[in-house]
Structure formats: C-alpha cells, structure tokens
Amino acid sequence: METVIILVFVIGYLAITLEHNIKIDKLIPALVMMAISWALISLGLDSFTQWFDSANHGLVEGYAGLEHESKMHLMEETLLHHLGKTSEILVFLLGAMTIVEIIDYFDGFSTIKSFIKTKKKSKILWIFAFLAFILSAIIDNLTATIVLISILQKIVKDRNVRIWFAGLIIIAANAGGAWSPIGDVTTTMLWIGKKVTTGHLIGYLLLPSLICMLVPTFIASFLPAFKGNLETEEAVEEKPKSRFSATMLYLGLGAIVFVPIFKTVTHLPPYVGMMLALGVVAIFAEIYSSAKFSLSNHDSEESDAHAHHSPVHASLSKIELPSILFFLGILMAVAALESLGILFGFASTLQESTPMLGTELHHEGVSDLVIILLGIGSAVIDNVPLVAASLGMFSEPLDNELWHFIAYSAGTGGSMLIIGSAAGVVAMGMEKIDFFWYFKKISWLALAGFLAGTLVFFWTRTLF
C-alpha cells in the first residue's frame, strides 16, 4: 500500500510540474493527490508497520500491535493535527493577500511609481532590484513581483527590454523573500512550524540574500540590454489615484511588518496577529472609502449604491484562492507521506548516502550538499512541497542552522528556472516570457547569485 501511495504522489507531483504542458491548473492534481493519499491510508491502516507522530516528531512505539480502532483514532488525530498546522499557514496568507489587495484598491502602489524619475536603464534596474528585495520581505515575493511588473509595464513600453527587467525582478524578489518570515511561503512555513525565529532568520540570511540579489544585478548592469536610456514615450493618461493611496500603502505595509512583533510579544500563532492587522487596515479602508464617495458623489442614488460597496469585500474577491487551495492540497499530501514514516526513512538514507562538503553543519551530520541540491531541485520542483518534506525529514531544534540554510536554498534556488518559483510563474504569465529565453539569458545570473549567497551563508553561520 505504501508503494501505491508513493506512486500517487509521484504522478500528482508530475502533473503539478507539467501544468503548462497538460493545461490543467496545479491545484487540481494537488487536491486529488491529497484526497486519494489519505483515502488509501484509511483503507490500508492495518497493513502499515509504523506511524509517525508529528506532534512528538518520532515514530509511535508498538504501532503494529494496536487495535484497529486505536489506529483509526491515531489517524484522525494526525489528520486533524496536520489540518490545523496547514490552516495556520493558509489563514495567515489569506490575511496578507487581503491587506495587499486593499492597498491596491486605493491605488497605493502608484506611490512607488512616482519615486522613479530617471530614464537610464541601469539605474532603473538597480531601483527595481532594491524595491523587489525590500518589498518582497514585507508583502511576499509573489505579490511584490506582481506589483513591480505592473509598475514596470507603465514605465518600460518595449516588451523586449521589459522582460530583462522582469527576469532580474524575479531573482531579487526571491532573494528578498528568503530572509523574512513573511517574505515567502516556505519561510512562513518554517516560522509557523517553530523551526526559525524572526531574529535568527534575519541574522543568518539577510547578508547571503543581499549578495544573492547584488551579484546578478551587478553583472546584469554591464549587459547590452541595460545600456543607454529608455525610449521616450508619450505620456499616457492614467486614472487619478485616491488621495488616501500613500496613507493606505504605509498603513498596510506597517500592519504586515507588525505581525512578527505581535508574535514575539504575545507568543500567539502568527495568523492571530495577521487577523488583527487585517482588521485595523479594514477599519481605515471603510472610513476612507466612505469619505472618498461622500466627497466625489453628489447624486444621492449613486451615493447610496456606493455606501454598500465595501473595499474589504472587493479585495477579498480578488485574492488568489487557487493558490490557497494548492497549498492545502500539497501540504496535506506531504503530510500523508510523513505520517507513514516515509519521509523519516528517506531522510536517514539521504544523510547516510550523501558525501560531506568541506564544511559540515553542526547537527547530526546532514550534508551541506543535501541542502544545496534541495535548492537546485526547487528550480524544477515547487519549493513548497520540498520544504514541507524537509519538515518531516529532519528533526533539528529551533533555530538550528539547517533550517536557515533550507530557507535560503529553497527560497532563492527557484530563481534558476522561471517555473521554479511563484514569482517566476506569475512573471511568466504577465509578460509571456518564454521558458527557454529565461533559461539562456537569466538562469546563469540566478545561479551565480545562489552560489555567491551560499558561500556568504557558510561564513555567516560561523558567527552564530
């Protein structure tokens, strides 16, 4: 039965990886894979010889000798445990996504566009690289990429030039997301899973992530694509932005940044702080929305219609629900493999068979090479299930450097292929970037940044 479950996971995983080829959204195989895996576990419960207790991070003693009812009870408890942990991540992401959409509702990100005055391509490259690096740490790399490419489309009219900028934005956004607990789904998973703390994550990864962004950007600034100035275009008339746009931008970003502080002070799960942040932002959104319509609408019927229109409801209707369902499916499918002890056994085999590099992490002999391969693998396979698998494979304590290296590798390694990260996939969709164009033009830059950051990480961890 274990072999069948692994086969279901492999087929589902392959369908996720090839979603653009088979024209099926990746959330579908993720949900099907999850449901079938747990159904097979339930049907074959008496045939399994071991069970992994995720709460205590160890195998259940004497599992094979338990009665069927006891095994069913254990399975239900395990399923509820994983659903609870997964839901913490999903509710957190829902809150963050809604805040970002509220900012966009008030055209808040147009404030960023007003900062860019230069026409020189190399300067614009550096501006966007630093914006992507900083913004992705606050509003996550996926959202930062969407925001910056939207701004880029208004500044750079030539698509052939714009896709070069988009490629470097992907690298910078992934690098920026790696050092923040709210910057990438994978770091959020590690943070909520009590594997890393905010202070140590920033301490370990800020410098490596910065180097991972700086090296490709520095090299790219000398390439022909970034020489000279942008062609002057006729001014395009845009809708006037809300007078509250800047206020909502700073309020929304400040609320998201407040979440790690709230967790540190109260020791409550991060999603509680995110819900508080969303509530505060929503209050101001409703107040500002009412003020905007009372000033702009003079017709009483139009005012009444707008009075019932909530910016929060509008923002909730625009969030990426398919992404939320995908995370639910993939995390619960990985949980099925973890519960059977498959990942636990795989970790032991991996640690025994992989040779050590010149430097070794200070924990039970897990090779640096394993984590580097995980980073490179995240360029081919989605980094969310890879990190989810690592949570079940390794049992190192809170803030062990293994978890920080995993956060860096999985977060930045995906930049090496355009399908390797959420930021890359959304940029591919927004700009219709060809897979092989990215592979030839951008991948080597991403690899250079990844390796440079890895070397800096090796040096940084000696300081802790």
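**Entry 1: the bend in α10**

I started at L205, where α10 bends by about 45°; I take the bend as the angle between axes fitted to the seven residues ending at a residue and the seven starting there. A proline, P208, follows within four residues of L205. Before going further, I note that this is a predicted model, so I kept to its rules: local features need pLDDT of at least 70, side-chain atom pairs count only at pLDDT 80 or more, and totals for chains, interfaces and linings use all residues. Residues are numbered from 1 along each chain as its sequence is written, and side-chain values use heavy atoms, with hydrogens and water left out.

Does the length of α10 fit or clash with what its residue count predicts? The 23 residues of α10 (198-220) should span 33 Å at 1.5 Å a residue, and the end C-alpha atoms are 31 Å apart, which agrees. The expected span here is 1.5 Å times one less than the number of residues. Helices are DSSP runs of H or I with at least four residues, strands are runs of E with at least two, and both are numbered from the N terminus.

Next I looked at which residues of α10 are buried, meaning under 20% relative accessible area (exposed is over 50%, partly exposed in between; 1.4 Å probe, protein chains only). Both L205 and P208 are among them, along with T198, Y204, C212 and M213. The buried residues of α10 pack against α6, α8, α9, α11, α19 and α22.

**Entry 2: a nonpolar patch**

I then turned to the surface and found a nonpolar patch of about 690 Å², made by F258, I261, V265, L276, V280, I283, F284 and I287. The elements giving two or more residues to this patch are α11 (245-266) and α12 (270-296). Helix α12 has the largest share, five residues. For the patch rule, I used residues with over 30% relative accessible area and no salt bridge, joining nonpolar side chains (Val, Leu, Ile, Met, Phe, Trp, Tyr) within 5 Å and like charges within 9 Å. Areas come from the Shrake-Rupley method with a 1.4 Å probe, and for residues only the protein chains shown count as cover.

I checked V280, which lies in α12. V280 counts as partly exposed because its relative accessibility is 33%.

**Entry 3: salt bridges**

How many salt bridges are there? I count five, taking a side-chain nitrogen of Lys or Arg within 4 Å of a carboxyl oxygen of Asp or Glu.

K318 pairs with E101, the closest N and O atoms being 3.7 Å apart. K318 sits in the loop between α14 and α15, and E101 in helix α4, 217 residues apart. K318 is partly exposed at 49% relative accessibility, whereas E101 is buried at 18%. E101, D104 and K318 are linked in a network of salt bridges.

R162 and E431 meet in a salt bridge at 2.6 Å, N to O. This pair links helix α8 to helix α20 across 269 residues, and R162 and E431 are both buried.

D368 and R461 meet at 3.0 Å, N to O. D368 lies in helix α17 and R461 in the segment after α22, so the pair ties together parts 93 residues apart in sequence. D368 is buried at 0% relative accessibility, and R461 is buried at 7%.

**Entry 4: the whole chain**

Last, I noted 22 helices and two strands. Of the 464 residues, 55% count as buried.

Definitions and conventions: Contact = heavy atoms within 4.5 Å.
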